[in-house]
Amino acid sequence: MKRLLTITILLFGITFTSLAQNKIAPGDPIIKLIKVYPSPAYTGVNIDFQRGFDKTYSLQLYNFMGKKVYEIKTTTQHIFLPLNDFYRGIYVYQLRDKSGRILQSGKFQVVK
């Protein structure tokens, strides 16, 4: 009886852990709309829309301190962003719709 209880608790723990790891938090994008590469980047960053391209989207870039350093109003499905005016460090991007809602966010690293 004790062994059966131990096995049941073990199976319940494994199931609970696997469900908790696969849970999607509110606001997490299920499907990535954009792909930002390479990271680390040396001379420029490519931004490709995978799906759901809309000309009203904007892409905002923030430095690691949280200051907005760049904003791109999307006009094409592929954007190349030269990094001439960017300092070395981590940058956070946010893809926003026309109402300002964040659709996707991520980060990339600039190394010079």
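Okay, let's start with one residue: Thr 75 sits in the loop between E4 and E5. Those labels are for strands, and the rule is that helices (H or I, at least four residues) and strands (E, at least two) are DSSP runs, numbered from the N terminus. Before I go on, this is a predicted model, where local features need pLDDT of at least 70, side-chain atom pairs count only at pLDDT 80 or more, and totals for chains, interfaces and linings use all residues. Residues are numbered from 1 along each chain as its sequence is written, and side-chain values use heavy atoms, with hydrogens and water left out.

Back to Thr 75: buried or exposed? Thr 75 counts as exposed because its relative accessibility is 55%, and the cut-offs are under 20% relative accessible area for buried, over 50% for exposed, and partly exposed in between, using a 1.4 Å probe and protein chains only. What does Thr 75 touch, not counting residues up to four places away in sequence? That would be Phe 53 and Lys 55, where contact means heavy atoms within 4.5 Å. Asp 54 is 21 residues away from Thr 75 in sequence, and their C-alpha atoms are 8.2 Å apart in space.

Now let's zoom out. The protein chain has one helix and seven strands, and from the N terminus the order is α-β-β-β-β-β-β-β. Of its 112 residues, 29% are buried. Take the contacts with a separation of 6 or more: 49% of them come from residues 24 or more positions apart. The chain exposes about 8300 Å², with carbon and sulfur atoms supplying 60% of that; these areas come from the Shrake-Rupley method with a 1.4 Å probe, and for residues only the protein chains shown count as cover.

On to the strands. In general, strands of a sheet pair through backbone hydrogen bonds, either parallel or antiparallel. Here, two strands pair if DSSP finds at least two bridges between them. One open sheet has three strands in the order E1-E2-E5, with antiparallel pairing. Its edge strands are E1 and E5, each pairing on one side only. E1 and E2 run antiparallel and are joined by four bridges, and Ile 34 stands opposite Phe 49 in E2.

Then look at E3 and E4, which are antiparallel and joined by five bridges. Leu 61 has Tyr 70 in E4 as its bridge partner. The hairpin of E3 and E4 has four residues between the strands, and there Gly 66 takes a positive phi near 95°.

Where are the cis peptide bonds I wanted to show you? One runs from Tyr 37 to Pro 38, with omega near -10°, and another from Ser 39 to Pro 40, with omega near 10°. Pro 38 is in the loop between E1 and E2, and Pro 40 is in that loop between E1 and E2 too.

Last stop, the core. A nonpolar core here is a set of buried Ala, Val, Leu, Ile, Met, Phe, Trp, Tyr and Cys residues joined through side-chain atoms within 4.5 Å. Which members of the largest one touch the most other members? Out of 21 residues, they are Ile 34, Ile 47, Leu 59, Leu 95 and Phe 108. The elements giving two or more residues to this core are E1, E2, E3, E5, E6 and E7. Leu 95, leaving aside neighbours within four places in sequence, has contacts including Ile 34, Phe 49, Leu 59 and Leu 103.
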